[in-house]
Amino acid sequence: MIDLIIEKIRSYHPDFNEARVRDACQFQTDAHKGQMRASGEPYSIHPTHVALLLADLNMDEDTIIAGLLHDVLEDTDYSYEYVAERFGPDVAVLVDGVTKLKKIKFKSKQENQAENIRKMIMAMSNDIRIIIIKLCDRLHNMRTLEYMSEKQRYNKAVETLEIYAPLAHRLGINTIKWELEDLSLRYLEPEIYYDLAKRIEKKREDREAYINEVIHLLHAKLGDVDITGDITGRPKSLYSIYKKMYQQDKTFEQIFDLTAIRVIVDSIKDCYGVLGVVHTLWKPLPNRFKDYIAMPKPNMYQSLHTTVIGPEGETFEVQIRTWDMHKTAEYGIAAHWKYKEQRGSHNNFDDKLTWLRQLMEWQKELKDPKEFMETLKGDFFSDEVYIFTPQGDVINLPKGSTPIDFAYRVHTAVGNNCVGARIDGRIVPLTTTLRNGNIVEIITSSGSSGPSRDWLNIVKSTQAKNKIRQFFKKEDRDINIVRGRESIEKEVKRLGYKYPEILKDDWLLQVGGKLGFNAIDDLFAATGYGSVTVNQVVSRLRDLYAEHHKDDEGPLPEEIVREQGKASGQGVAIKGVDNVQVRFAKCCTPVPGDDITGYITKGRGVSVHRKDCPSLEGADPERCVEVFWTNRESDTYKVEIQIMAMDRTGLLSEITRRISEAKLNVSGMSSRVTKDNLSYINVTLSVRNSESLTRLIETLKTIRSTIDVYRVKQKG
């Protein structure tokens, strides 16, 4: 394999250091010695294939070496410093940029994913080669995904389709994008994938004969006008056919443009000459002509696209481009990376990455992982429309955007002071949906009172929604500071702490820093607004208090409060209260081991909830009381779980068998199957504590075809 890599590099970079590349290959083979892939092959095969993919993209020597070493920091004992010393600081930076945040503990899978993506974005803003390595890494992993469990295959395919394929599209690396999409479809919708492949194969001979006829005719006509070029047929990817069928609600038989004709010529002048010939030969379909040469896509893609009605009344697409454009269309940003370029040199390469700077701004603004991922998928990775400013600049927005989205993309102040809009010279409502090629002018007023809260229901882009929310958050800042401070003070008082002992400025600054705030008032405001919960703040303060008093004798304040509580006789104790009716909330079904709280109801005593129960959102804190478990070994509690799995024969019987083996009683069960063949099975169980429930959930997750198992939380 290393000889093939060397041969490929030599074809485009004859002066490279062959000994250095061979040394890197041998080093990673030794470093991963004893490690195996899920396929049973030596692990070193994977980084070698990644390096080969990078060589296919004509990447430079450092990038290919980093591809060989990309898992060394994560999966071996070798350090960053060692890699930097042996292979140079540039290689070490690239390897570190690709390395996952594996050793940091996150609260959720979503936060883990968001922080990994954040790290990649920050790293690739300094060196775009990092994401190219990551894409090659993901492509080889997807090629060998068959050796993973069904659940792992499903999760990897979803992440690839949501994150990595769109990233490849943004970078213009279509060769990788198309394969990632098709491989994802193979594991997400295997029946559809293989059915489409079979149908396409059946029509292949007929389509090839038709396309050859079209190519022959076009060749002859281009010869008449002295234009030479390469004409080929390009089949549509399986995923693009699937997407077209799904989005336009069409059957396979209704998809006519299964193949596109691609014409590659020597000059831009010839591109437009070919277009004239094509439109002379065949009638173009209205509104299906796109000039990406005059107006390139943000990923640098350039071509002329036209759809025509060809012989026998069949429609097909024709793509026309130069050889340089073709290289960019296939390899994107990689085609513009030259190994001779010096780090830090300024050229128009940086100008092609304005979208990356925009992404950097978003990741700095959005502290919440959920909000960040929603913006990434909703704005950055969505289908787009291209809109002109009155000055002729192009702004890309998510499909379905309005003039308000446009205003906030131009500048936050323009959005906040927007009072109207003109599209193509006509005044239109702010709810108007923008279309490709619109010229949009925003009408502003310095006397504007700011955005309307109704705009949150109008705008399409997550970025605009966040800007509008930030306006109201800032407007109500003083109120939120007071509200946040009071809610934190009430909670620490309820736990038995004295304000001066725990609400110390340096501790509040530490907590605020960990949550992304630079000032105490910012922390209070966020708590008052609700973007940070009281529990997030107080739990960290308690940790600091415990650390500070770890050498003191005696219990902590919250332990003293618990000692003062009196048993209710129903499995829980309530702080300072006896003989009170207690019931367990059905919305979250708490069991011993869960963090719980009590809520004083009207006429029905105290309702016990899990602390993370959605029903407590917005609850009156004055009616919350501290409760804690006093259960006996013989006590049992009802709890509901949900199993999500790909439906198959024998699934239900295997689930009930596992529950029986865990010696747990089932008091209710229901199931439903979606049109996507996903099975949702709800089971109500009697358990003694959360530990036995956790063990069962982990056992159920190992069942073949299971995607996830979790406790059911009900709203309200």
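Here are four short exercises with worked solutions on this predicted model.

**Exercise 1. Get an overview of the chain: how many helices and strands does it have, and what share of its residues is buried?**

Step 1. Start with the secondary structure, which comes to 29 helices and 22 strands.
Step 2. Turn to burial: 47% of the 716 residues count as buried.
Step 3. Look at the surface, where the chain exposes about 36100 Å², with carbon and sulfur atoms supplying 48% of that area.
Step 4. Finish with the contacts at a separation of 6 or more: 65% of them join residues 24 or more positions apart.

**Exercise 2. Describe how helices α11 and α15 pack, and decide whether Glu330 is buried or exposed.**

Step 1. Find α11 at residues 174-188 and α15 at residues 323-331; their axes are 5 Å apart and the packing angle is about 35 degrees.
Step 2. List the residues that make the contact: α11 brings Asn174, Thr175 and Trp178, while α15 brings Ala329, Glu330 and Tyr331.
Step 3. Sort them by class, which gives three nonpolar, two polar and one charged residues.
Step 4. Now take Glu330 of α15. Leaving out residues up to four places away in sequence, Glu330 touches Gly172, Ile173, Asn174, Thr175, Trp178, Arg262 and Arg321.
Step 5. Glu330 has 13% relative accessibility, so this residue counts as buried, the cut-off being under 20%.

**Exercise 3. Work out the strand order of the open sheet that contains β14, and name its edge strands.**

Step 1. Trace the four strands in the order β14-β16-β15-β17; their pairing is mixed.
Step 2. Pick out the strands that pair on one side only: these edges are β14 (582-584) and β17 (624-625).
Step 3. Check one pairing, that of β14 with β16 (residues 606-610), which is parallel and runs over three bridges. Within β16, Ser607 is the bridge partner of Arg583.

**Exercise 4. Examine three salt bridges and say where their partners lie.**

Step 1. Recall the principle: side chains of opposite charge can pair when their charged atoms come close. The whole structure holds 19 salt bridges.
Step 2. Asp3 pairs with Arg22, with the closest N and O atoms 3.0 Å apart. This pair links distant parts of the chain, Asp3 being in α1 and Arg22 in α2, 19 residues apart.
Step 3. Asp195 pairs with Arg199 at 2.9 Å; both lie in α12, four residues apart, about one turn of the helix.
Step 4. Glu661 pairs with Arg657 at 2.8 Å, and both lie in α28. Salt bridges with shared partners join Arg648, Glu654, Arg657, Arg658 and Glu661 into one network.

Definitions and conventions:
Residues numbered from 1 in each chain as written. Predicted model: local features only at pLDDT ≥ 70, side-chain atom pairs only at ≥ 80, totals over all residues. Heavy atoms only, no water. Axes fitted to C-alpha atoms, helices over the stretch in contact; angles between N-to-C directions. Helix = DSSP H or I, 4+ residues; strand = E, 2+ residues; numbered from the N terminus. Contact = heavy atoms within 4.5 Å. Nonpolar A, V, L, I, M, F, W, Y, C, P; charged D, E, K, R; others polar. Pairing = 2+ DSSP bridges. Buried < 20%, exposed > 50% of the residue type's maximum accessible area, 1.4 Å probe, protein only. Areas by Shrake-Rupley, 256 points an atom, 1.4 Å probe, with all protein chains shown as cover. Salt bridge = Lys/Arg side-chain N within 4 Å of Asp/Glu carboxyl O.
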